[in-house]
Amino acid sequence: MKNIVILTGSGISVESGLETFRGVDSLWEGYNLLDVATLDGWKRNPGLVQEFYNLQRGKVLKAVPNLAHLALVHLERAFNVHIITQNVDDLHERAGSKNVLHLHGEITKAQSDVDPSLTYNIIGSEITSNDKCIHGMSLRPNVVWFGESVSNMNYAISLCSSADIFAVVGTSLMVMPAASLVDEVPLYAQKFIIDPDPSIDYFNSIKINKTASLGVEELVKYLVK
Ligand code: OAD
């Protein structure tokens, strides 16, 4: 079976009602990125950070997978599929995709403030200041903040470097190190970009300038004959 790797970003969840990061109605709107997405911001004002992510988590829990998430599951009939996502939502999993690697964490989980390897599923949409890890320390959102390392990068690189088919869906690829993954894909691999307004043209790829639901449907029809 051929290996297919799909690298997704916030654009794939737009049709589920979630915001992108750099659009007009961006996720950061009303919040300063340095206040809510950095370790310094967390140390300065943990309450504000929890408020921001509790709000985002509430939106994620209300959202449902769209046709793009669902169509990707069909690829598993014909390919060995791995999804690498920069998204912190769980819409790929809820759609039924088996192999989902989160580069930037999972908003539905909390992690210990002192040991990132200690993660907990969150019951409901909120982490509160009363929630503690087994060491009695605060819990923070299980998301990778700016300046923090991306612990799944090595695995992501190994997946990309053995891809026969590689598709990028709904990401501007403006954030490192995720953006560097396209450079790991072998020259011989067949490559696709699905984005209504792509800002990338890294490789000799087939461009599908459509929203994720239409674009992924087209990709799946093309690949699964
Ligand atoms: P961006 O906001 O940078 O890019 C979103 C992409 O989705 C753009 O290229 C849009 O054109 C595209 N898009 C918009 N609507 C779409 C639709 N309906 N279907 C398909 N594509 C659509 O967001 P990301 O690339 O996801 O990291 O951002 C990457 C990372 O930057 C995030 O994971 C986050 C952020 O900082 C961290 O928080 C660490």
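Where does S13 lie, and between which two elements? In this predicted model, S13 lies in the loop that runs between β1 (3-8) and α1 (33-36). The legends below begin with this residue.

**Figure 1. Close-up of S13 in the loop between β1 and α1.** S13 has a relative accessible area of 2% and is therefore buried, since buried means under 20%. Its side chain and that of H69 are joined by a polar contact of 3.4 Å. When neighbours within four places in sequence are left aside, the contacts of S13 are L18, N66, H69, N87, D89 and L91. Two of these residues, N66 and H69, return in the view of helix α4.

**Figure 2. Close-up of S10 in the loop between β1 and α1.** The relative accessibility of S10 is 14%, so this residue counts as buried. Neighbours within four places in sequence aside, S10 is in contact with E19, T20, F21, N87 and G170. N87 is also listed among the contacts of S13. S10 is one of the residues that lie nearest the centre of the largest pocket, which is the subject of a later legend.

**Figure 3. Close-up of helix α4 (residues 67-74) and its buried residues.** Which residues of α4 are buried? They are A68, H69, A71 and L72. Because these residues cover an arc of only 165° around the axis, they are on the same side of α4. An α-helix has 3.6 residues a turn, so residues three or four places apart point the same way. The buried residues of α4 pack against β1, β2 (80-85), α5 (91-95) and α7 (212-223). At the start of the helix, a side-chain oxygen of N66 comes to within 2.7 Å of the backbone nitrogen of A68. Buried H69 is also the partner of S13 in the side-chain polar contact of 3.4 Å.

**Figure 4. Close-up of V81 in strand β2.** V81 has a relative accessibility of 3% and therefore counts as buried. V81 and V5 are 76 residues apart along the chain, yet their C-alpha atoms are separated by 6.0 Å. Residues up to four places away in sequence are not counted in the list of residues that V81 touches, which consists of I4, L75, E76 and N99. The strand that holds V81, β2, is one of the elements against which the buried residues of α4 pack.

**Figure 5. Close-up of the largest pocket, with a volume of about 1100 Å³.** How many residues line the largest pocket? The lining has 46 residues, and G9, S10, T20, F21 and R22 lie nearest the centre. Helix α3 (residues 46-62) provides the largest share of this lining, with five residues. By class, the lining divides into 22 nonpolar, 16 polar and eight charged residues. Among the residues nearest the centre, T20 and F21 are also contacts of S10.

**Figure 6. Close-up of the second largest pocket, with a volume of about 390 Å³.** This pocket is lined by 18 residues, and Q111, P116, N142, V144 and S151 are the closest to its centre. At least two residues of the lining come from each of β4 (105-112) and β6 (139-143). The largest share, four residues, is that of β4. The lining contains five nonpolar, nine polar and four charged residues.

**Figure 7. Close-up of K109 in strand β4.** Along the chain, K109 and T119 are 10 residues apart, and their C-alpha atoms are separated by 6.4 Å. With residues up to four places away in sequence not counted, K109 touches Y120, N121, I122, P141 and N142. One of these, N142, is among the residues closest to the centre of the second largest pocket.

**Figure 8. Close-up of the loop between β7 (165-169) and β8 (190-194), which holds P177.** The peptide bond from M176 to P177 is cis, with omega near 5°. L173 has its place in the loop between β7 and β8 as well. Phi of L173 is near 50°, a positive value in a residue other than glycine. Is L173 buried or exposed? Its relative accessibility is 3%, so L173 counts as buried.

Key:
Residues are numbered from 1 along each chain as its sequence is written. This is a predicted model: local features need pLDDT of at least 70, side-chain atom pairs count only at pLDDT 80 or more; totals for chains, interfaces and linings use all residues. Side-chain values use heavy atoms; hydrogens and water are left out. Buried means under 20% relative accessible area, exposed over 50%, partly exposed in between (1.4 Å probe, protein chains only). A polar contact is a pair of N or O atoms within 3.5 Å; within protein, one must be able to donate a hydrogen and the other to accept it, and residues adjacent in sequence count only if both atoms are side-chain atoms. Contact means heavy atoms within 4.5 Å. The arc is that of the directions from the helix axis to the C-beta atoms. On a 1 Å grid over the protein atoms alone, a cavity is a set of points where a 1.4 Å probe fits but cannot get out, and a pocket is an open set with protein on both sides within 12 Å along at least five of seven lines; lining residues have an atom within 4 Å of a point. Grid points are joined across faces, edges and corners, and a volume is the space filled by probe spheres set on the points. Ala, Val, Leu, Ile, Met, Phe, Trp, Tyr, Cys and Pro count as nonpolar, Asp, Glu, Lys and Arg as charged, and the others, Gly among them, as polar.
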